[in-house]
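Welcome, and please open the model in your viewer. We will go from stop to stop, with something to select at each one.

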Amino acid sequence: MTNDMSIASLVLEASLVVQFIMLLLLGMSVSSWAYIFQRNSALKSAQQELREFEDSFWSGADLNKLYGELSQREGLFGCSLIFCSGFKEYVRMRKTPGVAPESITDSTYRAMRVSMSREVDELETRLPYLATVGSISPYIGLLGTVYGIMTAFIALGQVKQATLQMVAPGIAEALIATAIGLFAAIPAYVAYNRFTTKVEKIENAYGNFMEEFSAILHRQSLASRG
């Protein structure tokens, strides 16, 4: 082992096991950053879609007209998709003779609930991976550190006179694995918590809309029945 203490030389001179752990952690870090940018874009789109839909819905637009406009769009998602699923089921149940208003409301709510579950599942895509990277990366890095230090001390035991200069490079290269593990874990864990909070807010907004929309349709059913 040379006395060059640069990070590049320490990585290149590390044992194969430690190098493999470093490469694994680096791959996890790169993939987690890719998912962070992807999820951040997806959640921003969901929030924007929610705001735009609520502005259109609560502006007093005719529900049939709004449904007609939205159903013509390609790639419908978010609250617009939930609304279309519920209104489509509402119209279908209204055309069925002898159906009570309560049954219409329940069927409409279930249709929207299914759509909401799918949308939330889509929003939560890759979040478990970020949670996994955030939780296990420090331990993987620690494994590399333990192995590197163990190897350094085993080599140190084979010489008659041990000095700090001899053991320092081995310990330093081992600690790099822990540093890379933290570098991978911290952004992933922060992003997971941030995205989870956003998903919960969007899910609550979807749920509130479903409750309010169901109440509106229930009143319309009662009025038409009367």
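Is D121 buried or exposed? Select D121 and show the surface: with a relative accessibility of 51%, D121 counts as exposed, because the cut-off for that word is over 50%. Keep in mind as you look around that this is a predicted model.

**Stop 1: the negative patch**

Leave D121 selected and add E122, E124 and E200. Together, these four residues form a negative surface patch. D121 itself belongs to helix α5, which covers residues 101–123.

**Stop 2: the whole chain**

Now zoom out and switch to a cartoon view. You should find seven helices and zero strands, so the order of elements from the N terminus reads α-α-α-α-α-α-α. The protein has 226 residues, and 39% of them count as buried.

Next, colour by confidence. The mean pLDDT of the protein is 87, and 87% of the residues reach at least 70. Select helix α1, residues 7–12, and then helix α5: among the elements, α1 has the lowest mean pLDDT, 67, while α5 has the highest, 94. Where pLDDT is low, predicted coordinates should not be read in detail.

**Stop 3: the salt bridge**

How many salt bridges does the structure hold? There is one. To see it, select E89 and R92 and show their side chains; the closest N and O atoms of this pair are 2.5 Å apart. Both residues sit in helix α4, residues 78–94, and because they are three residues apart there, about one helical turn separates them.

The two partners can also be looked at one by one. E89 counts as buried, because its relative accessibility is 14% and the cut-off for buried is under 20%. R92, with a relative accessible area of 46%, is partly exposed.

**Stop 4: along helix α2**

Move on to helix α2, which spans residues 16–57, and pick out L23 within it. L23 has a relative accessibility of 59% and therefore counts as exposed. Add L26 and V30 to the selection: with L23, they make a nonpolar surface patch of about 300 Å².

Then select L24, also found in helix α2. L24 counts as partly exposed, because its relative accessibility is 36%. Which distance separates the C-alpha atoms of L24 and G181? Select both and use the distance tool: the two C-alpha atoms are 9.5 Å apart, although 157 residues separate L24 and G181 along the chain.

**Stop 5: from the loop into helix α6**

Go now to R126, in the loop between α5 and α6. What is its phi angle near? The value for R126 is near 75°, which is positive in a residue other than glycine. R126 has a relative accessibility of 39%, so it counts as partly exposed.

For the last selection, step into helix α6, residues 127–156, where Y129 lies. Y129 is partly exposed, with a relative accessible area of 29%. Add M28 to the view: Y129 and M28 are 101 residues apart along the chain, and their C-alpha atoms are separated by 9.5 Å.

Notes:
Residues numbered from 1 in each chain as written. Predicted model: local features only at pLDDT ≥ 70, side-chain atom pairs only at ≥ 80, totals over all residues. Heavy atoms only, no water. Patch = residues over 30% accessible without salt bridge, like charges linked within 9 Å, V, L, I, M, F, W, Y side chains within 5 Å. Areas by Shrake-Rupley, 256 points an atom, 1.4 Å probe, with all protein chains shown as cover. Lys, Arg positive; Asp, Glu negative; His and termini not counted. Charge placed at Lys NZ, Arg CZ, Asp CG, Glu CD. Helix = DSSP H or I, 4+ residues; strand = E, 2+ residues; numbered from the N terminus. Buried < 20%, exposed > 50% of the residue type's maximum accessible area, 1.4 Å probe, protein only. pLDDT = per-residue confidence, 0-100.
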